[in-house]
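Visitor: I'd like a close look at one part of this model, please. Let's bring it up and zoom in on a helix pair.

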Amino acid sequence: MNIHEYQAKELFDRFQVPSPKGKVASTAEEAAAAAKEFAGAKLVIKAQVHAGGRGKGHFKNGFQGGVHLIQSPDQAAEFAGKMLNETLVTVQTGEEGRLVRKVMIAEAVDITHEYYLAILMDRATCAPIIVASTAGGMSIEDVAHDTPEKIFRQVVHPVLGLQAYEIRKISAELSLSGDIAKQFGKLLSNLYKLFIQCDCSMLEINPLVTTPDGRVLALDAKFGFDDNALYRQPDIVAMRDKEEEDPREVAASEYDLNYIGLDGNIACLVNGAGLAMATMDIIKHYGGEPANFLDVGGGASKEQVTAAFKIILGDSNVKGILINIFGGIMDCNVIAEGVIAAAKETGLPIPLVVRLEGNNVEMGKATLAASELNIVAADTMADGAQKIVKAVG
Amino acid sequence: MAILIDENTKVLVQGITGAFGARHAQLSLDYGTKLVAGVTPGKGGQKFADVVPIFDTVSQAVNETGATASAIFVPPPFAADAILEAMDAGVELIVCITEGIPVMDMMRVKHALKGSKSRLVGPNCPGLVTPGPGEKSHGGCRIGIAPGYIHKRGNVGVVSRSGTLTYEAVFQLTQMGYGQSTCVGIGGDPINGTNHLDVLEMFNNDPETEAIIMIGEIGGNAEAEAARWAKDHCKKPIAGFIAGATAPPGRRMGHAGAIVGGEEDTAAAKKKILAECGIVVAETPSEMASALMKAWGK
């Protein structure tokens with residue numbers, strides 16, 4: 001789950017992590033009012049979409065750039081008018097772009113130095129790890145590759161939490177001193193609280209900056225949340241913006257289906273995440289391109305299969321479907337009946353290959369064969385993958 | 001012999017009265033597993049399937065029945081507590097089937113397990129099977145949700161992060177006439193109790209296990225670590241498979257732990273490391289058993 005920049009600012013404010021002044025606006029009037037409130041400061045207006053490259057993007061109405069410096073409340077209103085309810089296209093949105101529903105008016109701060117600061121859940125140590133670097137403002141992957149000595153890591157004890165000496169250590173690694181070090185310590189301590197209390201999987205500030213007027217501020221942030229913990233994070237869930245997500249993935253999540261859209265033309269429907277990944281792999285191995293990852297879970301009820309069919313068929317790139325079910329406990333015949341019902345309901349305009357294995361498989365195969373639908377049966381995963389690749393051509 | 005469990009292992013089920021737990025507890029009973037107790041707070045004194053006593057706490061269940069292994073089927077918000085309760089009761093093997101436990105909870109549980117005498121397998125796993133000698137491997141020990149009947153008693157150890165891929169490998173083996181010593185599903189979460197390396201070590205020390213299939217996927221470095229260890233220490237032939245070659249980076253592929261974070265945890269990188277360490281890597285998931293035959297010289 002992703003959140004908007006203005007929502008990240010809300011979280012920072014709630015946990016007292018200092019960031020530049022800012023206010024979100026849904027109308028030109030609100031944008032002007034916000035600019036007025038911050039009068040005296042240098043201000044920017046930023047389109048709020050879940051995509052990078054906003055500054056260099058363009059609106060479909062011809063207006064250039066999703067981030068602008070503004071000189072006055074009037075100009076804030078003017079630019080907001082050109083951004084709101086318009087579609088912004090950036091390198092990350094694809095040609096269809098994203099509709100801008102909100103803009104943020106924010107203080108444009110002068111920068112003395114840029115740093116990198118992140119907290120991640122580390123798999124290797126099973127603990128939170130703090131990553132800090134004096135090389136802020138650039139891709140941390142590049143820093144890790146080119147100048148690994150500039151990256152400092154501190155593992156935090158999973159039960160004791162962040163200790164004062166750890167903060168001092170990181171502060172020293174970043175060569176911070178005096179009041180700046182004090183402010184940094186407070187910021188990091190609060191950031192850690194945010195990380196733990198909101199069940200984050202990742203929290204990255206890049207850059208963290210110091211300013212000529214002696215402040216330490218989180219300038220840009222990226223959040224990752226643990227999906228498993230969302231049940232106890234109603235405030236975070238409320239920040240979800242379904243308009244920003246792939247509509248196919250939103251529909252899938254309503255039926256408890258794990259779906260991820262890809263660019264290929266062979267859709268697959270599988271039970272189990274590992275088998276679903278392996279099915280995508282075997283399609284590719286035999287020369288096809290998978291259109292999606294889709295795990296219907298251990299159950300695969302008729303309703304789920306029907307919903308999955310509709311989502312798959314809603315993707316106009318899809319030219320064929322491979323169903324791969326290992327019905328260990330489930331009755332393969334029940335699955336076969338579910339597939340037939342779903343196929344009948346959706347019309348089945350494209351080739352369908354079904355590979356069933358497991359409990360009561362003979363009966364399941366017989367049911368599919370008797371259906372008089374255009375369903376091709378397969379014996380193994382390899383057989384199924386080869387058949388669907390051939391059918392799609 | 002087998003590893004971790006055998007036909008004499010006394011098993012209890014935490015969450016035995018929930019629909020999911022009850023269904024699989026019954027299947028384990030049908031398989032011939034020594035299921036000696038169930039635990040559901042508030043339902044102590046009742047019986048499951050007329051034969052298995054239910055207790056309010058794990059401690060009571062262990063004291064009364066001598067159970068040494070537990071299968072956990074409780075919902076995610078309560079699963080961490082269930083694991084800690086089993087640990088507190090001295091359960092030697094805790095198998096957590098539950099999917100969807102918050103990572104922060106598992107982080108604390110993992111820490112609590114250090115220095116305890118309990119081993120955790122999972123969470124988000126299919127559990128373990130040591131096949132029995134009977135028809136369709138009846139009479140074995142089944143803890144979790146795997147289909148017992150596809151197994152066959154034998155000498156191949158299977159370890160995997162994925163449930164259905166494990167079944168696929170077991171099915172291929174059984175069809176080719178090769179049985180299994182023990183099959184261990186270690187689960188698809190980023191923080192788990194037992195990893196590939198732990199299981200490889202146990203298989204290596206188990207006289208009944210002659211060859212090993214190790215199934216992994218994108219995300220993390222557990223498979224690479226296990227492979228590097230095996231190169232120097234494992235006396236037995238290993239075949240491997242890594243799922244997720246076509247997974248886009250940065251996306252969670254169903255399993256919470258199945259996410260490509262960098263260059264090192266892609267399927268291609270892992271396959272390369274496995275091959276360099278002398279493991280025969282199956283090109284497709286259809287060839288897991290045949291890859292093992294190659295490694296094993298059969």
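Visitor: At what angle do α3(B) and α4(B) pack, and how far apart are their axes?

Guide: One thing up front: this is a predicted model, where local features need pLDDT of at least 70, side-chain atom pairs count only at pLDDT 80 or more, and totals for chains, interfaces and linings use all residues. Residues are numbered from 1 along each chain as its sequence is written, while chains are lettered from A and ligands numbered from 1 in the order in which they are written.

Now to your pair. The angle between α3(B) and α4(B) is about 10°, and their axes lie 10 Å apart. (Axes are lines fitted to C-alpha atoms, for helices over the stretch in contact, with angles from 0 to 180 degrees between N-to-C directions.) That is why α3(B) counts as roughly parallel to α4(B), the label for angles under 35 degrees. Helices here are DSSP runs of H or I with at least four residues, strands are runs of E with at least two, and both are numbered from the N terminus.

Who touches whom? From α3(B) come B:A80, B:I83, B:L84 and B:M87, and they meet B:D105, B:M106, B:V109, B:A112 and B:L113 of α4(B). "Contact" means C-beta atoms, placed from the backbone, within 7 Å. Sorted by class, this patch has eight nonpolar residues, one charged and no polar. (Nonpolar is Ala, Val, Leu, Ile, Met, Phe, Trp, Tyr, Cys and Pro; charged is Asp, Glu, Lys and Arg; the others, Gly among them, are polar.)

Next, the sheet. Chain B has an open, mixed sheet of seven strands, ordered β3-β4-β2-β1-β5-β6-β7; strands pair if DSSP finds at least two bridges between them. β3 (47–48) and β7 (119–121) of chain B sit at the edges with a single partner strand each, so one side of each has no neighbour in the sheet. Further in, β5 (residues 69–72) and β6 (residues 93–96) of chain B run parallel over four bridges, with B:S70 opposite B:I94 in β6(B). α3(B) packs on this sheet too, touching β1 (11–14), β5, β6 and β7 of chain B, and its direction makes about 170° with that of β6(B).

Finally, the neighbouring chain. The contact between the chains takes in 44 residues of chain B and 42 of chain A. On the chain B side, α3 (76–88), α4 (103–113) and α5 (163–175) each supply at least two residues. That side divides into 23 nonpolar, 14 polar and seven charged residues.

Definitions and conventions: Contact = placed C-beta atoms within 7 Å. Parallel < 35°, antiparallel > 145°, perpendicular 65-115°, else oblique.
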